[in-house]
Number of protein chains: 2
Amino acid sequence: MALAKKKFRDPDETQRRILAAAKVEFAKNGLGGARVDVIAARANANKRMMYHYFGNKEALFKLVLENAYGDFRAAEAALALDKEEPVTALRKWVAFSWNYFIANPEFITLVNSENLHKARHIKNSKRMQEMSRPFVGRMETLLRRGAEAGLFRADLDAVQMNITLASVSYYYLTNRFTGTIVFERDLMSEAALKERLEFNIQSMLRIVCTPETLRKMEHA
Amino acid sequence: MALAKKKFRDPDETQRRILAAAKVEFAKNGLGGARVDVIAARANANKRMMYHYFGNKEALFKLVLENAYGDFRAAEAALALDKEEPVTALRKWVAFSWNYFIANPEFITLVNSENLHKARHIKNSKRMQEMSRPFVGRMETLLRRGAEAGLFRADLDAVQMNITLASVSYYYLTNRFTGTIVFERDLMSEAALKERLEFNIQSMLRIVCTPETLRKMEHA
DNA sequence: TCTTGAAATAACCAGATAGTTATTTATGCT
DNA sequence: AGCATAAATAACTATCTGGTTATTTCAAGA
């Protein structure tokens, strides 16, 4: 196989390492708590390289956030839910966000950190808006298809649905540490995770489906 | 009226001012981004006083968080939902959390900050657990009453319901800054807030009510 | 009025931290 | 081979920051 000869000078690779290290550090400590020295060390790079390639700490944060958001939306698009029957598509969508948040916990903390700062880093990000549009469109399409098939309610707003779909998974996971104390229950055991996913799927179905659809599903 | 003479030395008042200032600063910048100098200045107190009364920055943070949580649960208890008819009680509960999060935005950012730190400040807080128990119990009672009246589904888990009830409001509000960009829509206009609250109430009702109950409500 | 302890303050310190400067080293091109 | 340029490094700096020390000020009880 074509082994890439190890290069001593490799700008692309260095930038990649810095970005990866920054993602870990920003996710773990937030923008304010993250340390550029730690990022450089973890990247096996010199701090000066970070400033050379990315400008400053906040510009690096912005890029990390945009990339994380892009990865999430790309994974979502790859689901190809347009080809699924509406009820199945909704189930898969809920399961997808749940599993993605679990597999990529940095995503949640990065988004939280950006919201703590009132989204000032991406406020004027064209890239951010462009990455979002197809995702909003997908929910509109799904709701229309479901309604036309007589399965879904006809008056649902796609934005509200997008938000609710994310919220039931995101909130559980982002607040899992205080939640464990408040509810005196292990929210992250395998059984608990499975139970929550199933609960979320049922919740979303009850929100979108007509009472008739629900009755049929429950009698099946 | 009995005007309290302004005292030059007033330990209770000084502590109160420091706590209030700390709440603002921690909420705005998170634990890592908060500055003790800023807290002292905003409290019109000396930094030394903070260390004298509260020990250190993290102990102060813990107390601020516990107080914020206590305030929230106290307000919730004051609703006296036990006396309401189940469907009304659920509506009022959803509206309460929604309005509380809007009126007390620090609550959300404080909880987020604590979760970023894996809840290490309240991990062994007896006070935190004690404040939580009645709240979990309230949902159990409500669900039982609703089920006995034939209004609610009989198989609902109180913890899942508590989490979901909070999530649909909390997520919308905590992520309102990135949300505004992602959805290219003002999520905080008066109309948008009203719409979201109504959507959340309907969502919760659809999750808990039996299909028969829903049908009756929709035909009314 | 005098004494005593708590409340309050200001100045300070050591370590941390984002960002820079000056310099060296590898790589691709001719 | 040698040159020009980009990549990489280490050492440095000004400022910030949580926490402390030394000291002063006030208020209440005897």
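## A walk around the two DNA strands and the dimer

Start at DNA strand C: H3 of chain A, along with helix H1 (11–33) and H3 of chain B, each bring at least two residues to the surface near this strand. Keep in mind as you click around that this is a predicted model.

**Stop 1: DNA strand C.** Select H3(B) to begin with, since the largest share of the surface near DNA strand C, four residues, comes from there. Then select the surroundings of the strand: 20 residues lie around DNA strand C, and Arg9(A), Arg35(A), Lys47(A), Arg48(A) and Tyr51(A) come nearest. Colour the surface near DNA strand C by class and you get eight nonpolar, four polar and eight charged residues.

Now zoom in on single atoms. Show the side chain of Lys47(A), where an N or O atom sits 2.4 Å from a base oxygen of DNA strand C. Tyr51(A) goes for the backbone of the strand instead, with a side-chain N or O atom 3.0 Å from a phosphate oxygen. Switch on main-chain atoms for Ala34(A), and you'll find a backbone N or O atom 3.2 Å from a phosphate oxygen of DNA strand C. Looking from the DNA side, 53% of the strand C atoms within 4 Å of the protein belong to sugar or phosphate, and the rest belong to bases.

**Stop 2: DNA strand D.** Hop over to the other strand. Here 20 residues surround DNA strand D, the closest being Arg9(B), Arg35(B), Lys47(B), Arg48(B) and Tyr51(B). Pick Lys47(B) and look for a polar side-chain atom 2.3 Å from a base oxygen of DNA strand D. Arg48(B) also points a polar side-chain atom at a base oxygen of this strand, at 3.2 Å. For Ala34(B), show the backbone: one of its N or O atoms lies 3.1 Å from a phosphate oxygen of DNA strand D. Widen the selection to whole elements, and those giving two or more residues to this surface are helix H1 (11–33) and helix H3 (47–54) of chain A together with helix H3 (47–54) of chain B. Which helix gives the most to the surface near DNA strand D? That would be H3(A), with four residues.

**Stop 3: the two ends of H3(B).** While you're here, trace this helix. At its start, a side-chain oxygen of Asn46(B) reaches to within 2.8 Å of the backbone nitrogen of Arg48(B). After the helix comes Gly55(B), with a positive phi near 95°.

**Stop 4: chain A against chain B.** Hide the DNA and look at the protein pair. A turn of 180° with a shift of 0.0 Å along the axis lays chain A on chain B, at an RMSD of 0.0 Å. That is the relation of a two-fold axis. The same surface serves both copies, with 100% of the contact residues of chain A recurring in chain B. Select the contact and you'll have 58 residues from chain A and 58 residues from chain B. Together the chains bury about 5400 Å², 62% of it on carbon and sulfur atoms. Next, highlight Tyr171(A), Ile181(A) and Arg206(A): they supply 12% of the area chain A buries against chain B, more than any other three residues.

**Stop 5: Thr174(B).** Finish in helix H8 (residues 158–174) of chain B, where you'll find Thr174(B). Is Thr174(B) buried or exposed? Thr174(B) is buried, with a relative accessible area of 7%. Beyond its neighbours within four places in sequence, Thr174(B) is in contact with Asn115(A), Ile108(B) and Asn112(B). Draw a distance between the side chains of Thr174(B) and Asn112(B) to see their polar contact of 2.8 Å.

Note on methods. Residues numbered from 1 in each chain as written. Chains lettered and ligands numbered in written order. Predicted model: local features only at pLDDT ≥ 70, side-chain atom pairs only at ≥ 80, totals over all residues. Heavy atoms only, no water. Near = heavy atom within 4 Å. Polar contact = N/O pair within 3.5 Å; in protein donor to acceptor, adjacent residues only side chain to side chain. Buried < 20%, exposed > 50% of the residue type's maximum accessible area, 1.4 Å probe, protein only. Contact = heavy atoms within 4.5 Å. Least-squares fit on C-alpha atoms with pLDDT ≥ 70 in both. Buried area = accessible area lost by both parts, 1.4 Å probe. Nonpolar A, V, L, I, M, F, W, Y, C, P; charged D, E, K, R; others polar.
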